[in-house]
Each structure stands twice: as structure tokens, then as C-alpha cells.
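Here's a quick briefing to read with the model open in your viewer. Have a look at the fold first, then run through the notes by topic.

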Amino acid sequence: MKRAAAVVAVPVLAVLVGAGPAQAQAVATGTLSFGGDPGDWISGGGSYAYSTDAKDRLTVNATEDHNHVAVSVSAFNGDWWTLDLAAPAGTGLAAGTYDGATRYPFEGGDAPGLDLSGNGRGCNTLTGTFTVQKLVFGPHGYVQTLDATYEQHCEGGTSAARGEVHIANPEAPPELAIGLKVATDGTASTLNGNAYLHGTVGCTAAAQVTLSGTATQVKHNVIIRGNYSAQVACTPGAPVPWTATAVPAGTTPFQKGKAEVVTQATALDPVYNSNVSVDDTSVVTLTKG
């Protein structure tokens with residue numbers, strides 16, 4: 001039963017910033033519930049239950065290394081809670097029982113991390129255990145499925161809060177993929193000495209693609225090198241053309257002949273908020289123009 005109780009806050013240690021989590025994702029279908037013994041500070045001896053079916057908003061996020069998962073509740077009645085589950089440092093969460101948990105993110109050594117807090121209540125120190133029955137990750141900390149139970153004791157007390165969490169999200173969307181092509185023909189300008197390059201980019205989702213690279217040519221034992229960059233508004237479907245100008249860094253102009261062109265295309269994945277890049281090294285034949 002969902003129950004709102006009057007709460008009195010106790011001092012809680014400042015939260016440390018841990019490994020960078022992926023952005024929080026809304027939970028499609030999920031529940032978080034817990035209850036506690038008389039004397040348990042977190043629950044006040046009551047019981048609480050939240051679900052997406054009851055119009056409570058649940059979000060979940062996980063670190064890129066899958067070490068830590070956090071589930072947050074912003075309830076329809078104004079309640080707010082967060083549950084943190086973390087495997088020992090250097091390992092990823094997986095199905096199994098994690099005994100000897102201490103307060104996340106202050107767990108040390110080989111201890112797993114646990115923390116249930118909210119509504120102005122939190123443990124300064126805690127001990128506990130949790131069991132992950134099922135956990136399915138997607139790319140970049142996307143959480144597809146989570147089923148777990150947990151038990152925690154505040155300040156070394158015998159009273160406990162016990163609960164469970166269940167999350168079911170759609171299968172993880174695919175990551176952004178970029179296709180990069182550098183044309184094998186280009187132009188060496190006889191007017192300004194610049195090299196003019198072109199090619200195409202493709203993408204599996206709409207994205208702003210940044211191209212950057214270097215053109216290098218050797219003529220008469222002289223190295224001619226110039227950097228270039230370009231921006232391309234890429235949309236799925238047909239490849240999008242790009243052009244770029246490499247300006248020689250020295251006084252020797254680009255000339256007719258072969259040049260090595262190294263290019264990197266980078267874009268922000270609109271779903272996972274992470275950079276995706278692809279590299280290409282091509283030999284381009286420059287003609288006078």
C-alpha cells in the first residue's frame with residue numbers, strides 16, 4: 001500500500017560522483033516496492049508501492065561499465081525515492097546474490113553497494129544484501145530488464161527495509177552508425193594551392209556529422225600538409241555529399257599527383273547521447289584545377 005508519512009531529515013553524507021552514468025531513461029513498465037520493520041528509519045515501519053500503471057514515473061540509468069544501476073521514482077502523490085545497486089568495483093552487475101553491501105557510493109574494497117533513500121530519509125551508514133534475478137543491458141548502460149530484491153539496515157540496526165524492483169523496457173534501439181566515403185579524385189588549385197576534396201556520408205539516424213582530417217603530399221622531398229573540416233546534416237536514406245578544403249600549412253602548394261587523406265567523421269548518437277566516430281585513410285589523386 002502506498003503510504004505518505006511525515007518525515008524528519010537526518011544528516012546524510014555528501015554524494016560522491018562515480019563513473020559516468022548514461023542518461024536516465026523512462027521506464028516503460030515497472031514497479032518499485034518496499035516495507036520495513038518497526039524502527040526502520042527509511043520505511044518508518046510502513047509499506048510503499050509504486051508502478052507505472054498507477055501513473056508513477058520511474059526512470060533508470062546505469063554506468064557504461066554496467067557496475068551500477070539506479071532506479072528513481074517520482075510518484076503521482078509527490079513521493080520520491082532512489083534505489084542504487086552496485087557490484088564490487090571493477091565488475092559488472094549480473095544475476096546473483098550480493099551479500100555484505102554497504103552504502104553506495106561509499107562502499108570500499110570488494111563490497112557491493114546499496115542505497116534506498118528518499119522522501120527526506122537516508123542512511124548515513126548501512127549494511128545489506130540484494131539479489132538480482134535478471135538483468136539485461138543494451139548499449140551504453142541502457143537497461144532493458146531488471147528484477148531484483150533488496151534488504152538494508154540503517155546505522156547498524158536490526159530493523160530492516162525490504163523490497164523489490166521490476167523493470168521491463170523495449171529492446172534497446174540500435175546505436176547510430178555512420179558510413180564515410182572519401183572520393184579518390186580531388187583538385188589542386190593553381191590559384192591558391194589548396195586541395196579540394198569530396199565524398200559522402202551516410203547514417204542510420206538523423207545527425208550532424210563533423211568531418212575533420214589531414215591531406216599529406218610529398219613533392220621533391222618536401223612534405224605538403226593541410227588540415228580540413230566540414231559539417232554535414234546527415235539523414236537516413238541516400239548518402240549525403242560533402243566537400244572540404246585543405247589549406248597547406250607551409251608555403252608549398254598542393255600539386256598534381258597522389259595525396260594521402262586521413263578523415264574522421266564524428267556525430268552524437270541522438271538516443272544514447274554518446275559520440276560515434278569512424279575513420280578512413282584513402283589515397284586521392286589530385287588534378288590541376
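Strands here are DSSP runs of E with at least two residues, helices are runs of H or I with at least four residues, and both are numbered from the N terminus. With that in hand, Pro 105 can be placed: it sits in the loop between β7 and β8. This is a predicted model, so local features need pLDDT of at least 70 and side-chain atom pairs count only at pLDDT 80 or more, while totals for chains, interfaces and linings use all residues. Residues are numbered from 1 along each chain as its sequence is written, and side-chain values use heavy atoms, with hydrogens and water left out.

**Overall picture**

- The protein chain has 19 strands and zero helices.
- Its radius of gyration, taken over C-alpha atoms, is 27 Å, whereas a compact globule of 289 residues would come out near 19 Å. The globule rule behind that second value is 2.2 Å times the number of residues to the power 0.38.
- The C-alpha trace spans about 85 × 40 × 30 Å along its principal axes.
- Of the 289 residues, 46% count as buried (under 20% relative accessible area; exposed is over 50% and partly exposed is in between, with a 1.4 Å probe and protein chains only).
- Take the contacts (heavy atoms within 4.5 Å) with a separation of 6 or more: residues 24 or more positions apart account for 63% of them.
- The accessible surface comes to about 13,900 Å², and 56% of it belongs to carbon and sulfur atoms. Those areas come from the Shrake-Rupley method with a 1.4 Å probe, and for residues only the protein chains shown count as cover.
- On the charge side there are 14 positive and 23 negative side chains, with the centres of the two sets 14 Å apart. Lys and Arg count as positive, Asp and Glu as negative, and His and the chain ends are not counted. Each charge is placed at NZ of Lys, CZ of Arg, CG of Asp or CD of Glu.

**The 11-stranded sheet**

- An open sheet of 11 strands runs in the order β1-β4-β5-β6-β8-β7-β9-β10-β11-β2-β3, with mixed pairing. Two strands pair if DSSP finds at least two bridges between them.
- Its edge strands are β1 (25-26) and β3 (47-51), each pairing on one side only.
- At the β1 edge, two bridges join β1 to β4 (residues 57-62), and the two run antiparallel. Gln 25 stands opposite Val 60 in β4.

**Around β7, β8 and β9**

- β7 (residues 96-103) pairs with β9 in the antiparallel sense over five bridges, and Ala 101 has Gly 128 in β9 as its bridge partner.
- β7 also pairs with β8 (residues 113-118), here in the parallel sense over two bridges. The bridge partner of Thr 102 in β8 is Gly 113.
- In the loop between β7 and β8 that holds Pro 105, a cis peptide bond joins Tyr 104 and Pro 105, with omega about 5 degrees.
- Leu 126 lies in β9, which covers residues 126-137. Leu 126 is buried because its relative accessible area is 5%.
- Not counting residues up to four places away in sequence, Leu 126 touches Ala 101, Thr 102, Arg 103, Leu 114, Asp 115, Gln 152 and His 153.
- Leu 126 and Ala 26 are 100 residues apart along the chain, and their C-alpha atoms are separated by 28 Å.

**Strands β15, β18 and β19**

- Seven bridges join β15 (residues 207-219) to β18 (residues 257-268), which run antiparallel. One pairing puts Thr 216 with Glu 260 in β18.
- On to β19 (residues 275-288): 12 bridges join β18 to β19, again antiparallel, and Leu 268 has Asn 275 in β19 as its bridge partner.
- β18 and β19 form a hairpin with six residues between them, and Asn 273 in the turn has a positive phi of about 55 degrees.

**Positive phi in other loops**

- Glu 155 is not a glycine, yet it has a positive phi of about 50 degrees. It sits in the loop between β10 (143-154) and β11 (161-168), and it counts as partly exposed because its relative accessible area is 43%.
- Asn 221, also not a glycine, has a positive phi of about 65 degrees. Asn 221 is found in the loop between β15 and β16 (222-234), and it is exposed, with a relative accessible area of 79%.
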